[in-house]
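The following paragraphs explain how selected strands are arranged and paired. Please keep the sequence and the coordinates at hand while reading.

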Amino acid sequence: QVQLVESGGGLVQAGGSLRLSCVASGSIFRIDRMGWYRQAPGKQRELVAAITGGGTTNYAESVKGRFTISRDNAKNTVYLQMNSLKSEDTAVYYCNIVGLSSSGYRDYWGQGAQVTVSS
């Protein structure tokens, strides 16, 4: 079994910053891609940012220049530093990993972290 535990969500004023963390534990042998997605009320889940095992990153256009994704392979952890937050960033943020586990090669999702930006 593989578990993803997210932390760092909360309420912040527009222009503020938050840092999300996601730790993977359990029977995970190798993590290739790590990413963050978000889902706002009434909208589809969308990719925010992702990072490969080699460190290559990609971002949604709406967060480029404001958000930074990083990972600590030794800790099986992925981070999302969010700066200059806007009200439209309000959503539930989900961590996602893709890799090899005792269940084979597959992806896993975290439980979600609420981020609320007040204007």
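Which residue stands opposite Gln-114 in β11? The residue is Val-92. This is a predicted model, in which local features need pLDDT of at least 70 and side-chain atom pairs count only at pLDDT 80 or more, whereas totals for chains, interfaces and linings use all residues. Residues are numbered from 1 along each chain as its sequence is written, and side-chain values use heavy atoms, with hydrogens and water left out.

Strands here are DSSP runs of E with at least two residues, numbered from the N terminus, and two of them pair if DSSP finds at least two bridges between them. Strand β9 (residues 91–101) runs antiparallel to β11 and is joined to it by three bridges. Strand β2 (residues 10–13) also pairs with β11, in the parallel sense and over four bridges; Leu-11 stands opposite Thr-116 in β11.

In a regular strand the side chains alternate between the two faces of the sheet. Strand β11 (residues 113–118) shows such alternation. Ala-113, Val-115 and Val-117 point to one face and are buried, that is, under 20% relative accessible area with a 1.4 Å probe and protein chains only. Gln-114, Thr-116 and Ser-118 point to the other face and are not buried.

A further group of four strands forms an open sheet in the order β1-β3-β8-β7, with antiparallel pairing. Its edge strands are β1 (2–7) and β7 (67–72), each of which pairs on one side only. Neighbouring strands of this sheet are turned by 15 degrees against each other on average, direction ignored, with axes taken as lines fitted to C-alpha atoms and angles running from 0 to 180 degrees between N-to-C directions. Six bridges connect β7 with the antiparallel strand β8 (residues 77–82), and Arg-71 stands opposite Val-78 in β8.

Note on methods:
Buried < 20%, exposed > 50% of the residue type's maximum accessible area, 1.4 Å probe, protein only.
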